[in-house]
Amino acid sequence: EHWAAEGGMHIVEDSGQKHRRAGPMGTDGNMDRGHMCWTCNAFVVRSDHHCPCLGVCVGAHNQTYFVGVMLMMTLAMWYGAAVSYYAARRCFSLEGPDTGHCRQLITVIFAVSFLAVALASFTSAVLFLCAVDLTIREALALEVLRFKAGPLFVWRKIASNATVGVNLQRVLGASIWGLLLPIRRPPSVLTPLRLPPEEELAAAYGVYYVVGENGEETWV
């Protein structure tokens with residue numbers, strides 16, 4: 001049952017009409033924070049995103065495993081970059097080195113280092129969203145640009161409003177290094193979306209536009 005933490009499929013009807021999402025700051029507002037993935041043909045509870053590399057949806061049922069995989073891949077890439085760097089140093093330190101072969105090693109170092117930095121950045125972003133109890137889908141839907149205080153101010157407010165320690169322990173367990181152990185883990189506990197009130201964010205410098213009940217945006 002890879003579609004939900006508590007099992008079961010939900011029938012979702014699409015009216016085809018575009019409208020503003022009903023949740024806070026433009027999020028879905030669903031109690032289960034789920035999303036219908038037409039690739040997997042399943043409704044995923046606390047849907048994070050559909051991972052094309054793994055071929056599955058990441059949600060409450062497997063987010064812990066996903067973070068563990070990302071952590072292991074990041075460590076593996078950094079280890080590969082370190083080994084490649086050591087091999088390149090050894091190659092150039094030899095008498096009469098094969099410069100062509102050594103240059104190929106430098107290309108490998110740059111490629112592996114780029115992947116290591118990219119994976120580390122993505123993993124850090126995922127851990128930050130876990131800390132503030134947000135999914136990637138919810139983070140992309142947030143209307144952070146609507147507030148004149150700026151995105152940094154909004155994200156700081158979201159982080160200060162979150163119970164970081166509790167959120168990380170709920171998703172990752174007691175220790176982040178425990179994710180490297182190949183053991184079965186329960187699904188993440190589903191909690192309501194908790195965001196700072198929009199009035200509090202708008203009180204600082206105002207907003208660029210307001211959204212009416214019919215979903216229309218009016219610039220102010």
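The following dialogue works through several features of a predicted model.

Me: What is the overall secondary structure of the protein, and in which pattern does it run along the sequence?

Reply: The protein has six helices and six strands. Read along the sequence, they follow the pattern β-β-β-β-α-α-α-α-α-α-β-β.

Me: How many residues does the protein have, and what percentage of them is buried? What share of the contacts joins residues at least 24 apart?

Reply: The protein has 220 residues, and buried residues make up 36% of them. Of the contacts between residues at least 6 apart in sequence, 64% join residues at least 24 apart. As for the surface, the protein exposes about 13400 Å², and carbon and sulfur atoms supply 62% of that area.

Me: How should one read the nonpolar cores, and which residues have the most contacts inside the largest one?

Reply: The general idea is that nonpolar side chains tend to be buried together in soluble globular proteins. In this structure, the largest nonpolar core has 16 residues, and those with the most contacts inside it are Met25, Leu134, Leu142, Val154 and Ile158. Helix 3 (136-141) and helix 4 (151-161) each supply at least two residues of this core. Helix 4 gives the most, with three residues. There is also a second, separate core of 11 residues, which includes Phe66, Met70, Val126 and Val171.

Me: Which residues does Leu134 touch, leaving aside those up to four places away in sequence?

Reply: Leu134 touches Arg33, Arg46, Leu129, Leu142, Trp155, Ile158, Leu193 and Leu195. Two of these partners, Leu142 and Ile158, are also listed with Leu134 among the residues with the most contacts inside the largest core.

Me: Where a pair of helices packs together, what should be read from the axes, and at what angle do helix 2 and helix 5 cross?

Reply: One reads the approach of the axes together with their crossing angle. The axes of helix 2 (residues 99-131) and helix 5 (residues 164-172) come within 7 Å and cross at roughly 115°. Helix 2 makes the contact through Leu127, Cys130 and Ala131, and helix 5 through Val164, Asn167, Leu168, Val171 and Leu172. By character, the residues of this contact comprise seven nonpolar, one polar and no charged.

Me: How is a polar or charged residue to be judged buried or exposed, and which is Gln63?

Reply: The test is relative accessibility, with buried meaning under 20%. Gln63, found in helix 1 (residues 63-93), has 2% relative accessibility and therefore counts as buried. Its side chain is joined to that of Asp48 by a polar contact of 3.5 Å. Leaving out residues up to four places away in sequence, Gln63 touches Arg46, Asp48, Val58, Cys130, Val171 and Ser188.

Me: Why does Glu138 count as buried, and what does its side chain reach?

Reply: Glu138 counts as buried because its relative accessibility is 8%. The residue lies in helix 3, and its side chain reaches the backbone nitrogen of Thr135 at 3.1 Å. Glu138 touches Thr27, Arg33, Asp133 and Leu193, again not counting residues up to four places away in sequence. The C-alpha atoms of Glu138 and Asp48 are separated by 7.9 Å, although the two residues are 90 apart along the chain.

Me: Where does Arg146 lie, and which side chains does its own side chain contact?

Reply: Arg146 lies in the loop between helix 3 and helix 4. With 6% relative accessibility, Arg146 counts as buried. Its side chain makes a polar contact of 3.2 Å with that of Glu143 and another, at 2.3 Å, with that of Glu198.

Me: Is His101 buried or partly exposed?

Reply: His101, found in helix 2, counts as partly exposed because its relative accessibility is 41%. His101 and Cys91 are 10 residues apart in sequence and 8.1 Å apart in space, C-alpha to C-alpha.

Me: How should the sign of phi be read, and what is the value for Asn41?

Reply: Most residues other than glycine have a negative phi. Asn41 has a positive phi of about 55° although it is not a glycine. This residue lies in the loop between strand 1 (35-37) and strand 2 (42-44). Asp133 also has a positive phi, near 55°. Asp133 is placed in the loop between helix 2 and helix 3, and at 7% relative accessibility it counts as buried.

Conventions: Residues are numbered from 1 along each chain as its sequence is written. This is a predicted model: local features need pLDDT of at least 70, side-chain atom pairs count only at pLDDT 80 or more; totals for chains, interfaces and linings use all residues. Side-chain values use heavy atoms; hydrogens and water are left out. Axes are lines fitted to C-alpha atoms, for helices over the stretch in contact, and angles run from 0 to 180 degrees between N-to-C directions. Helices (H or I, at least four residues) and strands (E, at least two) are DSSP runs, numbered from the N terminus. Contact means heavy atoms within 4.5 Å. Ala, Val, Leu, Ile, Met, Phe, Trp, Tyr, Cys and Pro count as nonpolar, Asp, Glu, Lys and Arg as charged, and the others, Gly among them, as polar. A nonpolar core is a set of buried Ala, Val, Leu, Ile, Met, Phe, Trp, Tyr and Cys residues joined through side-chain atoms within 4.5 Å. Buried means under 20% relative accessible area, exposed over 50%, partly exposed in between (1.4 Å probe, protein chains only). A polar contact is a pair of N or O atoms within 3.5 Å; within protein, one must be able to donate a hydrogen and the other to accept it, and residues adjacent in sequence count only if both atoms are side-chain atoms. Accessible areas come from the Shrake-Rupley method with a 1.4 Å probe; for residues, only the protein chains shown count as cover.
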